[in-house]
Amino acid sequence: MILVILENQRGNIHVFSQEAVVAGQQLSTKLGLDLSILCLGENASALKEQASNYKVKNLILAQHDLISSYSADGYSKALDQIISELSPKYVLMGHSYMVRDFLPRVSAKSDVPFISDIISVTYHDNVPIFARQVFNAKIVTNIQADSNNNTTLLSFQSAAFSSDNIEAGSPENQIDFSLNLDTSDIRSESEPEFQESASSVDLTTAELIVSVGRGIDSQDNLPMIEALASAMGAEIASSRPVVDMGWLPSYRQVGSSGQVVSPKLYLSVGISGAIQHVVGMKGSKNIMAINKDKEAPIFEIADYAVIGDLMEIVPKLTEEIQKNK
Amino acid sequence: MKIAVLTKAIPSYESSIRIDSSEKWIDESIVNFVVNESDSYALEEALQIKEQLNDNSEVVVVIMGSESNTSKVLKDGLAKGADRGIFIKNDTSETDPLSIAKIFSEQLKEESFDLILSGLQSDDLGSGQTGVLIGELLNMSTATLGIETKIEDGKIKVKRELESGWFQWVTLPFPASVSIQSGINEPRYPSLKGIMGAKRKEVKLVDAQSVSDSKQKFIKLFLPKTEKVTEKIEGTVDEIVSRMIDILKNNLKVI
């Protein structure tokens, strides 16, 4: 069995989970193993409802009062029980912050390997080989799980698969899994999730994004970027250093600790392309990057690599866009 | 309170990384090893907790690897203020996070640490699992991506960074293993007094004992393939901007 676990993100199936469903559907077809989808804990009934048009053999619901909101203690205990009962060959999730928080616990508890942050899957004699980025994304490694493993845990980097490719269908079986949890299992106490800043912008639905990085050198150069964004009708986003320096509020941040976006055009200005930023925007339909360093890693994922001085290019570009209106 | 800080020596960002002839590891001889960035924040957090408690708390720097790769990082941790060190000598390039965590746990269990702090992930292998795995193996409570900590009423409160600008406070009983996000504090530099004093601090040397077979293995390293066809746009500012306008207007139809 291939088991994909859905994560709740404020009432909906997390987009990383949708991508994991695609990975699961492909792995299931390739290896000839049944696909099961597990709706676990927090908001599980609603997630099950949302997953009811996925092509999947078994749709499993596992709920318990003690995991009606997430905790690493509760989720790891619950998943350990599910794994020992169902013995899935592979357990798949998106590489979210929640997964980083509890899936290693399951790896240690169930004594099974966890291959995290996978970017692609290939097959060698029908054995899946998983690729991960290592050494600051300068190198990629192929990883194989030992064939003696009963179960292997997998998490996929955002946009490793596209949620557009989910195969539709309907579940053949709907199963309720009963969990055995005790209050003493949950040692931690969690407070409600919160955002620091009152205002926020949903960059995930933006069609056009102009994103700014450390390369603008000074906060004084922000109006120039705002003028470009306004001429294009684009939202402004940024990399982490710009937020850390207080030039833009944190809700403008794209990357692993910010938002994950996939606009029609992502125009990056003065961003070098550290992996933490790239995971948040590489799913963009088109990427145009302006940077004076022709070795900048951002150019490896760009469709258009503009090599030059942003201080000269941006004002001129803004002017020309206004003329073309 | 007895606090362990897991630190790792990793290739510096500027180091050139070459795949070695086995194709399963890199050529370490041309690499400059430095402390993993988020681990230095974890150490600073441990030192600040000790200073706030102002009791007989102890901060222990724990590092695994070969002597040549790790000795500078370990010395630096002691110079910054850690009370003693544990050096787990391991000349293999083990890459299975669970095997690595088992080696650590074997060596740490007798120490009965109240708190283990670690960076959220290493910038070389980047699995982001070690601190959590060790927490589970040693039956500790765990939290990840801490960007603020408070010791209150015999517990640790951790402000966790979630996705998309969201946060959450979790309170954990001791013993606890917490991974720390970069940017949580301002790591100190070692003082001259600290550097001189570091030489007299105790470092316990232990050999890594292989605990089980690796459940996952690197089978081949390779350079990233660029799948995209990238159009380079260079020239004078006028040439560049004119090509950009052409693309935005005619190819992408966004203006």
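This tour moves through a predicted model of two chains, A and B, suggesting at each stop what to select and what can be found there.

**Before selecting anything**

Start with the scores: the model as a whole has an ipTM of 0.91 and a pTM of 0.86, while chain B averages a pLDDT of 94, with 99% of its residues scoring at least 70. Such values are worth a look at the outset, because where pLDDT is low, the predicted coordinates should not be read in detail.

**First stop: the two domains of chain A**

Select residues 2-185 of chain A and give them one colour, then select 203-323 and give them another; according to the domain assignment, these ranges are domain 1 and domain 2 of the chain. The C-alpha centres of domain 1 and domain 2 of chain A are 33 Å apart, and where these domains of chain A touch, six residues of domain 1 are in contact with six residues of domain 2. On the side belonging to domain 1 of chain A, the residues that face this contact with domain 2 comprise two nonpolar and four polar residues, with no charged ones.

**Second stop: a sheet built from both chains**

Now show the strands and look for an open sheet of six, whose order is β15(A)-β14(A)-β16(A)-β17(A)-β18(A)-β13(B), with parallel pairing. Which strands lie at the edges of this sheet? They are β15 of chain A (235-238) and β13 of chain B (231-233), each of which pairs on one side only. If you look along the sheet from strand to strand, neighbouring strands are turned by 20 degrees against each other on average, direction ignored.

Zoom in on residues 208-212 of chain A, which form β14, and you will find four bridges joining this strand to β15(A), the two running parallel; within this region, S211(A) has A237(A) of β15(A) as its bridge partner. Then move to residues 304-307 of chain A, which form β18, where three bridges lead to β13(B), again with the strands running parallel. To see one position of this pairing between chains, select Y304(A) together with E231(B), which stands opposite Y304(A) in β13(B).

**Third stop: where the chains meet**

Widen the view to the contact between the chains, in which 67 residues of chain B are in contact with 70 residues of chain A. Several elements of chain B each supply at least two residues to the side that touches chain A, including α3 (97-108), β7 (141-152), β12 (216-222) and α6 (237-251). Which element of chain B gives the most to this side? That is β9(B), with eight residues. Coloured by class, the side of chain B that touches chain A divides into 36 nonpolar, 16 polar and 15 charged residues.

**Last stop: three backbone details**

In chain B, select F174(B) and P175(B), which are joined by a cis peptide bond with an omega of about 0 degrees; P175(B) belongs to the loop between β9 and β10 (176-180) of chain B.

In chain A, select D111(A), which is not a glycine and yet has a positive phi of about 55 degrees, and which sits in the loop between α4 (97-110) and β7 (114-124) of chain A. D111(A) counts as partly exposed because it has 16 C-beta neighbours inside 10 Å.

Finish at D217(A), also not a glycine, with a positive phi of about 70 degrees, in the loop between β14 and α5 (222-232) of chain A. Is D217(A) buried or exposed? D217(A) is exposed, because 10 other C-beta atoms lie within 10 Å, and a residue counts as exposed at 12 or fewer.

Terms used: Residues are numbered from 1 along each chain as its sequence is written. Chains are lettered from A and ligands numbered from 1 in the order in which they are written. This is a predicted model: local features need pLDDT of at least 70, side-chain atom pairs count only at pLDDT 80 or more; totals for chains, interfaces and linings use all residues. Domain bounds come from an automatic or database domain assignment. Two residues are in contact if their C-beta atoms, placed from the backbone, lie within 7 Å. Ala, Val, Leu, Ile, Met, Phe, Trp, Tyr, Cys and Pro count as nonpolar, Asp, Glu, Lys and Arg as charged, and the others, Gly among them, as polar. Two strands pair if DSSP finds at least two bridges between them. Axes are lines fitted to C-alpha atoms, for helices over the stretch in contact, and angles run from 0 to 180 degrees between N-to-C directions. pLDDT is the predictor's confidence in each residue, from 0 to 100. A residue is buried if 20 or more other C-beta atoms lie within 10 Å of its own, exposed if 12 or fewer, and partly exposed in between; C-beta atoms are placed from the backbone.
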